[in-house]
Structure formats: structure tokens, C-alpha cells
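Hi everyone, thanks for making time for this. Let's take a look at the structure together.

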Amino acid sequence: SWKYVLKEKSPDMIHVLQFPYNGEPPRDRLVKNEITTNTDHFVRNHGGIPEINEEDYFFEVEGLVNTPKKITLKELKDESLFPRMSTVVTLQCSGTRRIEQIHEYPGDGDELINAPWGEGAIGTARYTGVSLKKVIKYCGGLRDGGKHLEFFGADTYFKKGHIYNYGVSAPVRKMKVNEIMLAWEMNGEPLPRIHGYPLRVVVFGYIGARSTKWLTRINIIENPSMAPVQMKEYIYYTPQIGKQNATYSNGFSIQTMPVSSAIMTPINHDQIIHDGRIKLTGWAYSGNGWPERVEVSGDGGSIWYEVPYDKLSKKYFHGWRTWEFEMPVDAEGWLEFCVRCWDNALNTQPTYVRSAWNWDLHVTSSCHRIKIYSIN
Ligand code: MTE
Ligand code: MO
């Protein structure tokens with residue numbers, strides 16, 4: 001039944017894939033709020049959407065941990081056992097803005113993985129739950145050699161003749177700095193079913209793929225997960241690798257999300273009648289820190305304007321910043337607008353999509369460019 005989708009998501013979501021359900025919100029609405037509403041938050045699914053009863057729910061912790069345990073949601077919510085954590089976190093799919101890479105060159109062409117996302121496969125919410133570090137401590141701590149945390153979801157998906165449970169991993173050091181949360185609440189509401197009810201993982205700063213929904217099992221292991229989503233998807237191939245030589249092992253696994261940004265209004269190919277100024281809005285995000293400076297250009301990147309600091313939304317350590325800017329525009333006709341962000345580690349974005357292009361079409365982090373028709 002699609003009733004829950006209709007109930008949980010805005011009716012005008014753009015359906016990047018119909019099955020499994022994958023959708024992003026309309027461009028002009030996404031950056032109106034620095035915290036995305038649950039109904040507008042993008043959704044990325046590999047398979048079905050499990051229906052889990054909170055009362056029967058538990059997840060297992062096993063592998064290289066001293067006391068393997070089954071933990072219920074009731075236990076996890078017990079504040080005498082676990083302190084609560086509540087953090088604003090941006091989740092971004094590594095497929096965000098893939099459409100620009102597809103236009104450059106279609107690459108892998110596996111449309112089940114490579115959904116043609118626009119700039120909306122990103123969203124920001126306040127998640128509430130427990131730091132995974134506390135859960136591991138509750139299980140007696142790690143045993144020697146425990147270096148990676150493998151997460152499994154209750155959903156299954158079908159690929160090349162096999163049925164898999166969703167499975168990925170993140171390194172233990174990410175858990176040690178309290179950047180992995182087990183969350184049951186999204187913006188003060190129970191997690192919507194479509195976002196992983198009753199419990200999901202939230203890995204701050206990593207590609208969305210690591211934030212496993214409908215969590216069933218955490219397995220502590222020595223090496224990164226061998227599960228197909230970890231091993232065969234979300235691989236970054238350098239530009240010289242393509243159809244003839246891409247082998248999974250000659251790419252590397254994408255974890256931290258690089259700095260990126262996008263112009264959300266005006267919308268690409270808009271015609272705008274104005275009196276010397278055009279208002280731009282957008283987002284900027286870095287998984288490696290936070291957006292520190294946003295710059296925009298009205299001439300394809302010759303002259304850059306700095307977005308004044310007070311036109312960037314509030315800084316959160318694990319969140320995006322929305323921004324707006326009044327761009328002075330004299331020229332008429334087709335103009336190219338672009339944006340780039342600098343994060344606090346002084347990382348910035350590749351200039352053109354061709355320098356960000358990769359065979360599996362992930363992390364389109366190049367300067368976002370749009371064309372608008374200016375009538376002054
Ligand atoms: N978890 C499970 N169990 N199954 C999935 O298909 N998709 C991942 C991740 N967690 C996925 C999952 C991907 S690729 C992304 S980008 C995020 O969930 C998206 O989270 P959202 O749908 O809540 O926005
Ligand atoms: Mo994703």
C-alpha cells in the first residue's frame with residue numbers, strides 16, 4: 001500500500017524512482033527553512049519499506065564486543081541506562097546533483113542505483129536518540145580488533161539474482177567521537193516509517209548511505225563490511241576509470257561527504273525580469289566540518305561575491321547552512337550563475353562538473369551552475 005507514502009511525504013515530491021520509493025522536494029521550497037520539515041525531507045530507498053511494530057522491536061549487538069546483547073527500544077529510551085542526545089544533522093545522499101554528471105556523460109547507467117537526483121537529495125533535521133558509544137559501553141566495550149561497525153536494516157532488496165538485507169559499515173573512531181547516533185525521533189516526532197521507524201542510525205558528516213534505517217543488527221568487525229551496499233556501491237572511481245576497468249577494488253569507498261553547495265532559486269532556465277538585482281537562495285554543506293563562506297557569481301565564475309555572513313543561516317557543527325544573496329545584474333540575455341562554498345578546513349569545490357565526474361556518478365561536488373535569462 002502506498003497510503004503511508006502519501007501520508008508521510010508532501011504530495012508534490014519529485015519521484016526520482018517510483019519503486020523503490022525515492023523522492024526529493026521541489027527546489028524552491030527546500031531552503032525556505034534551515035530545518036527541513038519531515039514531509040519535505042528527501043527519501044532514498046534500496047528496497048521495500050518494512051512495517052515494524054515498536055512493541056516487538058529490538059536490535060542486536062554482536063561480533064567483537066564483550067557482552068553481545070539484544071536491546072529493545074524501551075531499554076534504549078530508559079534515561080537511567082542511556083543519556084539522551086539531540087543534534088541537528090544534515091543527511092545528504094551521495095547521489096545529490098547526479099543529473100549534472102549524467103548530462104556530462106551517463107557513466108555506469110545502472111539506473112536502480114544511479115537515480116537521477118537533483119539538488120534536493122539533502123535535508124536537515126534534529127534527531128534525538130542515544131550515542132552509539134554509550135550502547136557499545138553498555139555491551140561491555142569492544143574486543144581487540146574491533147575496528148568497524150556493521151549496520152543492517154530490516155529491508156531487503158534484490159540485485160543480480162540475490163536478495164540482501166541492507167548492510168553497510170562505519171569505522172569505530174567515528175563512534176568514539178559521538179558522531180554516530182541511534183535515533184528514534186526526527187524533529188520532535190517519532191521517526192516516520194519511511195525514514196526508518198522505529199530506529200535508525202545517523203552518521204554525522206558521512207554520505208547518507210551509512211545512516212541505516214530500520215536497524216536490526218550491529219556487528220563489530222575487523223574490516224569494512226563485505227555487504228554489497230558497502231563493497232559494491234558508493235565507490236568513487238578516479239576519472240581515468242570507467243566501463244573497461246572499473247572493478248570495485250580500484251575505486252575507494254566514499255564515507256565523508258565533501259563540501260558542496262547549490263542554488264535553489266532562481267530555478268535553472270528561469271526568465272527573470274528585474275531592476276538590476278536578482279535574489280538567489282541555496283544551501284551549502286560540508287561533511288568534513290561546516291560551511292564557513294559561500295560565494296556566488298553572475299558571470300560563470302569570473303567575479304565572485306561573498307554572501308554576507310549574516311545571510312548564512314545559523315552554524316551547526318553537523319548541519320548545512322542555507323543562504324540568500326541579492327546579486328547585482330546589469331547584463332541581459334543568458335547568464336550563468338554559480339555558487340561555491342569554503343568549509344572551515346579551507347576545502348572548496350571543483351570548478352567544473354567534468355573535474356568531479358566519476359563512473360558511478362557520486363558526490364557531484366563541483367560548483368553548481370545554472371543559466372537564467374535576464375531582462376533588465
Ligand atoms: N537504510 C536502509 N535500511 N535501506 C536503505 O535503502 N538508504 C540509505 C540510507 N539508509 C537506505 C538506508 C541511503 S543511500 C540514504 S541517502 C539515506 O538512508 C537516506 O535517508 P532518508 O531516506 O531518511 O532521507
Ligand atoms: Mo544515498
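I'll go through the domains, then one sheet, then the ligand.

Just so you know, what's on the screen is a predicted model. The domain assignment splits the protein chain into domain 1, residues 3–253, and domain 2, residues 260–375. How far apart are their C-alpha centres? They lie 27 Å apart. Where the two meet, domain 1 puts in 37 residues and domain 2 puts in 28. On the domain 1 side, α2, β5, α4, β6 and β13 each give at least two of the touching residues. By character, that side of domain 1 has 16 nonpolar, twelve polar and nine charged residues.

Okay, on to the sheet. Follow the order with me: β4-β3-β12-β7-β8, five strands in an open sheet with mixed pairing. So why do β4 and β8 each have one side without a neighbour in the sheet? Well, β4 (69–72) and β8 (162–171) are at the edges and have a single partner strand each, so one side of each stays free of a neighbour there. On average, neighbouring strands in this sheet are turned by 25° against each other, if you ignore direction.

Let's zoom in on one pair. β3, residues 58–63, runs parallel to β12, residues 215–221, and four bridges link them. If you find Glu 60, its bridge partner in β12 is Arg 217.

Last stop, ligand 1. There are 18 residues around it, and the ones that come nearest are His 46, Cys 93, Gly 153, Tyr 166 and Gly 208. That shell is made up of seven nonpolar, eight polar and three charged residues.

Conventions
Residues numbered from 1 in each chain as written. Chains lettered and ligands numbered in written order. Predicted model: local features only at pLDDT ≥ 70, side-chain atom pairs only at ≥ 80, totals over all residues. Near = placed C-beta within 6 Å. Nonpolar A, V, L, I, M, F, W, Y, C, P; charged D, E, K, R; others polar. Pairing = 2+ DSSP bridges. Axes fitted to C-alpha atoms, helices over the stretch in contact; angles between N-to-C directions. Domains from an automatic or database assignment. Contact = placed C-beta atoms within 7 Å.
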